[in-house]
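Dear colleague,

Please find below the structure for your records. My notes on its helices and its nonpolar core follow.

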Amino acid sequence: KLSSIASSLQEYIPSVVLAKRLREVRSFTGFTRLVPGGEGVAVIQPDLGKIPRGKWLPASESYGEGIFLEFNEELLSKWESEKSVTEHIAKTRERCEAARAVWLPTPTPRFLALHTFAHGLIRQLTFDCGYPSSSLRERIYAQTSSEGEAMAGILIYTASGDTEGSLGGLVRQGKGHRLIKSIMQTIENLLWCSSDPVCSELQTGYGGINSGACHACSLVSETSCEHSNLLLDRQLLVGSESDDRIPGLLEKIANQLFERS
């Protein structure tokens, strides 16, 4: 059973890159008041024209490590084109528009699935490699061919202000059987929340943008998420057996784990 699950994981996640030394630079480009930046929101930018020696921005440089997982583009494209998936994501878009969440990226099936998986993996890695959840961060690479070059991957990383970076625990957890076990446990945790069936049946978060996501299964520290703990949906990842049947991206693996347990 374990070998069949590992084969299925390799089918969906064919490539893993371990970044033993990762450099992150963050710069302060401006700020907004009351509402986060986005389309139609004015961003207040600093006036740097009078500063000698040209324009510059305040920035911080950090070093750390990370795990990058690339998903199978062919399987992902086939899944996100299914009618039930597109109908489900259309409802999420409507809630985003009603909430005027202009600072969030356009909801797509692949983004919500990858984003939810990244949150689940962050939560699991805090147990497996010893990092507190607030020190792990995500970067989601989700873009369809209609938007440009197709991308489907997630980066889970940690970065600190120390020039020596981190201690290697995250990269070590990304090797071989350790990563397989972490991913298996992540999917199993997302398959059933301790707050179900309430969690799986409610729209939560700002404007009800999330579906089936709560502090018991999917939410992480605010410092870890680029998108304010929004655009999360467990149904798009592990599937749903409700009246509106939704096939999950990793439903095949979730079923194998369910049979194994």
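In these notes, axes are lines fitted to C-alpha atoms, for helices over the stretch in contact, and angles run from 0 to 180 degrees between N-to-C directions. This is a predicted model, in which local features need pLDDT of at least 70 and side-chain atom pairs count only at pLDDT 80 or more, while totals for chains, interfaces and linings use all residues. Residues are numbered from 1 along each chain as its sequence is written, and side-chain values use heavy atoms, with hydrogens and water left out.

The protein has nine helices and six strands (DSSP runs, H or I of at least four residues for helices and E of at least two for strands, numbered from the N terminus). Of its 261 residues, 44% are buried (under 20% relative accessible area with a 1.4 Å probe, protein chains only).

The axes of helix α2 (residues 73-80) and α4 come within 10 Å and cross at roughly 120°. The two helices are therefore oblique to each other (not under 35 degrees, over 145, or 65 to 115). Glu 73, Leu 76, Ser 77, Trp 79 and Glu 80 of α2 meet Pro 109, Arg 110 and Ala 113 of α4 (contact means heavy atoms within 4.5 Å).

The largest nonpolar core (buried Ala, Val, Leu, Ile, Met, Phe, Trp, Tyr and Cys residues joined through side-chain atoms within 4.5 Å) holds 50 residues, and those touching the most other members are Phe 71, Phe 117, Ile 154, Ile 183, Ile 187 and Leu 250. Helix α4 (residues 109-128) supplies the largest share of this core, nine residues.

Yours sincerely
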